[in-house]
Amino acid sequence: MTVTIYGIKNCDTMKKARSWLDGRGTAYRFHDYKAEGVDRARLERWCAELGWEAVLNRAGTTFRKLDDAEKQELTAERAIALMLKQPSMIKRPVLENGSQLVVGFKPELYEAEFGA
């Protein structure tokens, strides 16, 4: 089983998630959106499985700095286009563990996924 964690290197939440995984000896691959980008098919799959509302990071600075017109009347298609253009708008981290997806970091979510 390959574990991949997607995000941005200097994000505090990413640091917490990676530290949690490291502390439990969980092997993973880190995919940095800023260095490697994110492909449309993967992002569309995440949005189809979890809902684009769960994947789009509306609380982040990048989203908040958008013009109001860009924030209004969002659809899956428009949200995906925004996230592809600026991957910082993807909620972090996104963890793929085989066929499982976990968005965000909360220790209890990771405990449920990987056990103690």
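This passage describes the strand sheet of a predicted model, together with the helices that pack against it and some of the residues in its strands.

The sheet is open and consists of four strands, which follow one another in the order S2-S1-S3-S4 with mixed pairing. Its edges are formed by strand S2, residues 29-32, and strand S4, residues 100-103, each of which pairs on one side only. From one strand to the next, the twist averages 20°.

The pairings can be followed across the sheet in that order. Strand S1, which spans residues 3-7, runs parallel to S2, and four bridges connect the two; within this pairing, Gly-7 is found opposite Asp-32 of S2. Between S1 and S3 the sense is antiparallel, again with four bridges, and here Ile-5 has Leu-95 of S3 as its bridge partner. S3 and S4 are likewise antiparallel and are joined by four bridges, with Leu-95 standing opposite Val-102 of S4. Leu-95 is thus placed opposite Val-102 in S4 and is also the bridge partner of Ile-5. The hairpin formed by S3 and S4 has two residues between the strands, and in this hairpin Gly-98 adopts a positive phi near 65°.

Two helices are considered in relation to the sheet. Helix H1, made up of residues 12-23, packs on the sheet and touches S1, S2 and strand S3, residues 94-97, while its direction makes about 165° with that of S1. Helix H8, residues 107-114, lies across S1, S3 and S4 and runs at about 170° to S4. Within helix H8 is Leu-109, which, when neighbours within four places in sequence are left aside, is in contact with Val-102 and Val-103. Leu-109 is described as partly exposed because its relative accessible area is 35%, a value that lies between the limits of 20% for buried and 50% for exposed residues.

In strand S3, the side chains of Val-94 and Glu-96 point one way, whereas those of Leu-95 and Asn-97 point the other way, and all of these residues are buried. In a regular strand, side chains alternate between the two faces of the sheet. Asn-97, which belongs to strand S3, has a relative accessible area of 5% and therefore counts as buried, the cut-off being under 20%. The side chain of Asn-97 also forms a polar contact of 2.8 Å with the side chain of Glu-113.

At the edge of the sheet, attention turns to Asp-32, a residue of strand S2. Asp-32 is buried but takes part in no salt bridge, and Lys-9, the nearest side chain of opposite charge, is 6.5 Å away; a salt bridge would require the charged atoms to be within 4 Å. The side chain of Asp-32 does, however, reach the backbone nitrogen of Lys-34 at 2.9 Å. When residues up to four places away in sequence are not counted, Asp-32 touches Gly-7, Ile-8, Lys-9 and Gly-37. Among these contacts, Gly-7 is also the residue that stands opposite Asp-32 in the pairing with S2.

Technical notes:
Residues numbered from 1 in each chain as written. Predicted model: local features only at pLDDT ≥ 70, side-chain atom pairs only at ≥ 80, totals over all residues. Heavy atoms only, no water. Pairing = 2+ DSSP bridges. Axes fitted to C-alpha atoms, helices over the stretch in contact; angles between N-to-C directions. Contact = heavy atoms within 4.5 Å. Buried < 20%, exposed > 50% of the residue type's maximum accessible area, 1.4 Å probe, protein only. Lys, Arg positive; Asp, Glu negative; His and termini not counted. Polar contact = N/O pair within 3.5 Å; in protein donor to acceptor, adjacent residues only side chain to side chain.
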